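Colleague: I'm new to reading structures, and a whole chain is a lot to take in at once. Could you pick one spot, look at it closely, and then work outwards from there?

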Amino acid sequence: MNRLLLLLGAALFALPVNAQKTETPSKVLPFGKIEIADLEMTKCDFEPDANAEVLFNKGDVYYDSSFDISGEYHKRIKIFNDNGKDEANIRIEYYGGNRLEYINDVQAETINLVNGKPEITKLDKKLIYTQAIDKVRSAIVFSMPNVKAGSVIEYKYKYHTVSISNFPSWDFQQKIPVRYSELDTSIPDLLYFRTVNHVWMPYSKATHDSEARTMPGTNPLSYNDEKDFRVMENIPSLHDEPYMRSYTDNIMSLQFNLTSVKSSYGFYKSYSDTWAKVGGLIADDEDFGGQLKRKLKDEEPIITKAKTFKTDDEKIAYVFNQVKTLMKWDGVDRWYTNDGTYRAWEKKTGNSAEVNIILYHLLKQSGIKEIYPMIVSTREHGKVNRFNTSLSQFNRAVVYIPVDSTKEYILDATNKYNLYNETPDMLLNSSGLYIDKQANAYDMLYITKAAPARQVVMINADIKADSKMTGTADISSFSYHKISSVERYKTDGEKNISTT
């Protein structure tokens, strides 16, 4: 699969090793070295009710001599009680497809206080597993040994990617409190990154240094190695809250988006500096654009039947319901296909891209002329930042149909209760990128709904002398209220739900 994250000839630059060398603060101790006070801790100083606490989380990310990105990570967690033991189940996801990224040199251990002294139990490396999530994503998975209330667990690993653009993001905040979080970065000024700074607490320490370097060769190239040191301390946990849009939208983090590369010949724009370039690349990607026209086995009966309807709305409703009924979503959200639409249609199961690209193909073959595939982000995945041109912001493919100047359909057949003429609520108030390869048009669309979702409640009741009220209530639901009511009726068997 052509994964889009490799850039031009800039990847051929050869630069000397320039890892940042920052003096390790006292709060970050070497692997296996621990203070007795941390083992004796019984609660978090600034969040006493926490079940566990990150003692420190440190990342050091830099460009190596091959101009690949390398990173060294070290994390230490204190477990306060049995409810915090889930923190000992470690999962590190990365883009393992085509060896774009890989993780190695994983080390992990549990430290307990026994008779006043630290007792270390190392993780057997045979218990470290690599899980293939799909053809693009992989995960390193392991569980820490000998974990109990009072344990301290720690692990470290090395990260490497062959893409000069795939600079990893950093989360300062987590679902448990963080005592100390440090990110050290070292980036040559040959590369221009747009940094998305999503933090609301001040850094306890932030320094910048620039070191002059020269790339040897026939035509030596001078540049500066830009080094940044960022520290944040006593960071409160972030829990899922009612009505919170998503965890991703609220967590304090840093993201890096490469926009241009400089050489002795001038600036070379990267693929990610405009949405049009991003759209053009995925339109040519085999696992997205390459699937749009792929013929499906025994598709003719559906297409033939759809063509008998007189209006586009009737065709759309019919095909949408056919795909929604025949296809089962496997629960995986991706903007790209994994098995491909042909095989997914044979199995009648696929990820969100496979289900909805099948929907797009059948609608297109049925005679719907103005129809486009679109990539979006679900509410849980996070709101799309239009100024950060990164594909990682998207996690689902859907179908976009501009009906007229005042009406549009965004179709998603993964949910059995979705309606063809109602944009799924999990996509609202964010942006989608639609793909029109024929016109070479790739643009962002803000997804919203102006009309309110209505619910009408008719009550016929009598108020008795004892102040009690008896009678009936008839509830008529529309739009999203109707979708959720039908789903509750089908799944919970409620009898007093009336839908109109």
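**A close look at Ser430**

Modeller: Sure, let's start with Ser430, which sits in strand β21. Keep in mind that this is a predicted model.

Is Ser430 buried or exposed? Its relative accessibility is 1%, and the cut-off for buried is under 20%, so Ser430 counts as buried. Now check who is around it. Leaving out residues up to four places away in sequence, Ser430 touches Arg245, Gly382, Lys383, Val384, Leu445, Tyr446 and Ile447. One of those neighbours, Val384, also has a polar link to it: the side chain of Ser430 comes to 3.0 Å from the backbone nitrogen of Val384.

Next, zoom out to the strand. β21 covers residues 430-436, and it belongs to an open sheet of five strands, ordered β20-β19-β18-β21-β22, with antiparallel pairing. At the edges you'll find β20 (408-411) and β22 (441-447), and each of these pairs on one side only. Going from one strand to the next, the twist averages 30°.

So what does β21 have on either side? One partner is β18 (residues 372-376), joined to β21 over two bridges in the antiparallel sense. If you want a landmark there, find Met374, which stands opposite Tyr434 in β21. The other partner is β22, which pairs with β21 over seven bridges, again antiparallel. Here the landmark is Leu433, standing opposite Met444 in β22. β21 and β22 form a hairpin with four residues between the strands, and in that hairpin Asn440 has a positive phi near 55°.

Now for the helices. Take α5 (residues 312-326) as a way in: its buried residues pack against two strands of our sheet, β19 (396-402) and β20, as well as against the helices α4 (300-306) and α7 (352-365). Which residues of α5 are buried? They are Lys315, Ile316, Ala317, Tyr318, Val319, Phe320, Val323 and Lys324. The helix has 15 residues, and from first C-alpha to last it reaches 21 Å, close to the 21 Å expected at 1.5 Å a residue.

Let's follow that packing over to α7. Twelve of its 14 residues are buried, so α7 is largely enclosed by the rest of the structure. Among them are Ser352, Glu354, Tyr360 and His361, along with Leu359, Leu362 and Leu363. The length works out here too: 14 residues at 1.5 Å each should span 20 Å, and the end C-alpha atoms of α7 are 20 Å apart. Have a look at both ends as well. The N-terminal end of α7 is capped by Asn351, which has a side-chain oxygen 3.1 Å from the backbone nitrogen of Ala353. After the helix comes Gly367, with a positive phi near 105°.

That cap gives us a path to another loop. Asn338, in the loop between β16 (328-329) and α6 (341-347), touches Asn351 and Glu354, as well as Asp134 and Lys135, not counting residues up to four places away in sequence. A polar atom of the Asn338 side chain lies 2.9 Å from the backbone nitrogen of Lys135. Unlike Ser430, which is buried, Asn338 has 23% relative accessibility and counts as partly exposed.

From Lys135, glance at the strands numbered around it. β6 (129-132) and β7 (residues 137-143) pair over four bridges in the antiparallel sense, and Tyr129 stands opposite Val141 in β7. Together with β3, they make an open antiparallel sheet of three strands in the order β3-β7-β6. β3 (89-95) and β6 are the edges: each has a single partner strand, so one side of each is left without a neighbour in the sheet. The twist in this sheet averages 25° from strand to strand.

Finally, step right back. The chain has eight helices and 25 strands, and its C-alpha trace spans about 80 × 70 × 40 Å along the principal axes. Of its 500 residues, 50% count as buried. Among contacts between residues at least 6 apart in sequence, 70% join residues at least 24 apart. You've already seen one contact like that: Ser430 touching Arg245.

Technical notes:
Residues numbered from 1 in each chain as written. Heavy atoms only, no water. Pairing = 2+ DSSP bridges. Axes fitted to C-alpha atoms, helices over the stretch in contact; angles between N-to-C directions. Expected span 1.5 Å × (residues − 1). Buried < 20%, exposed > 50% of the residue type's maximum accessible area, 1.4 Å probe, protein only. Contact = heavy atoms within 4.5 Å. Polar contact = N/O pair within 3.5 Å; in protein donor to acceptor, adjacent residues only side chain to side chain.
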